[in-house]
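Hi,

Here is the structure I said I would pass on. Have a look at it first, and then read on for what turned up.

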Amino acid sequence: MWPLVMTFMRTYAPYVTLPAAAVIGFIGYNIEKQFRTPPPSRPSVEETRHERLLKEMMASNELALAPLSEKTFVPKTIFEKNVSPSLVKED
């Protein structure tokens, strides 16, 4: 009798275990969903970066913009076009 049961279990194991695992997983998922607490929400990294940059701009005195007639944003020569901020000479 036992050899027949073992042969039956070995032959039809995928047909028995897959639905059983699906049912157990579905029940466990729903139980966990009921008892789970939502994680605390934090601001995104992008939002904190924007806030930090805004605070830095407000703290510095760079809010006074130069008039457009001076055209300080136009380089005098082509070599001043892509210059690192550490190499910029202040006039």
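Before anything else, please keep in mind that this is a predicted model. I'll begin with the two aromatic rings that caught my eye. Phe-8 and Tyr-12 both sit in helix H1, four residues apart, which is about one turn of the helix. As general background, an α-helix has 3.6 residues a turn, so residues three or four places apart point the same way.

The pairs themselves come next. The count of aromatic pairs is two. In one of them, Phe-8 and Tyr-12 have their ring centres 5.0 Å apart with 45° between the planes, so the pair is classed as tilted, neither under 30 degrees (stacked) nor over 60 (edge-to-face). Neither ring is hidden away: Phe-8 is partly exposed at 47% relative accessible area, and Tyr-12 is partly exposed at 39%.

Tyr-12 also pairs with Tyr-15, again tilted, with 6.2 Å centre to centre and 45° between the planes. That 6.2 Å still counts as a pair because the centres need to lie within 6.5 Å. Tyr-12 and Tyr-15 are both in H1 too, three residues apart, or about one turn of the helix. Tyr-15 has a relative accessible area of 62% and counts as exposed, because the cut-off for that is over 50%. Put together, Phe-8, Tyr-12 and Tyr-15 make up one aromatic cluster.

Now for the helix that carries them. H1 covers residues 2–35, and a straight helix of those 34 residues would span 50 Å, yet the C-alpha atoms at its ends are only 43 Å apart. Where does H1 bend? At Tyr-12, by about 70°, with a proline, Pro-14, following within four residues. Tyr-12 is therefore a residue to look at twice, being partly exposed at 39% as well as a member of the aromatic cluster.

On to the other helix, H2, which runs over residues 45–59. How many salt bridges does the structure hold? There is one: Glu-56 pairs with Arg-52, and their closest N and O atoms are 3.3 Å apart. Both residues lie in H2, four residues apart, about one turn of the helix. Glu-56 counts as partly exposed, with 45% relative accessibility, and Arg-52 does as well, with 42%.

Leu-54 is in H2 too. Is Leu-54 buried or exposed? Exposed, with a relative accessible area of 53%. From Leu-54 to Lys-81 there are 27 residues along the chain, and their C-alpha atoms are separated by 26 Å.

Past H2, in the segment that follows it, you will find Val-83. This valine is partly exposed, at 33% relative accessible area. Val-83 and Met-9 are 74 residues apart in sequence, and 75 Å separates their C-alpha atoms in space.

Finally, the chain as a whole. It has two helices and zero strands. Its radius of gyration is 34 Å, well over the 12 Å that the globule rule gives for 91 residues, so the chain is more spread out than a compact globule. Along the principal axes, the C-alpha atoms fill a box of roughly 100 × 35 × 20 Å.

How much of the chain counts as buried? The figure is 0% of the 91 residues. The chain exposes about 9600 Å², and carbon and sulfur atoms supply 66% of that area.

If you open the model, I'd go to the bend at Tyr-12, then to the Glu-56 and Arg-52 salt bridge.

Cheers

Terms used. Residues numbered from 1 in each chain as written. Predicted model: local features only at pLDDT ≥ 70, side-chain atom pairs only at ≥ 80, totals over all residues. Heavy atoms only, no water. Expected span 1.5 Å × (residues − 1). Bend = angle between axes of the 7 residues up to and from the residue. Phe/Tyr/Trp six-rings, centres within 6.5 Å; stacked < 30°, edge-to-face > 60°. Buried < 20%, exposed > 50% of the residue type's maximum accessible area, 1.4 Å probe, protein only. Rg over C-alpha atoms; globule rule 2.2 N^0.38 Å. Areas by Shrake-Rupley, 256 points an atom, 1.4 Å probe, with all protein chains shown as cover. Salt bridge = Lys/Arg side-chain N within 4 Å of Asp/Glu carboxyl O.
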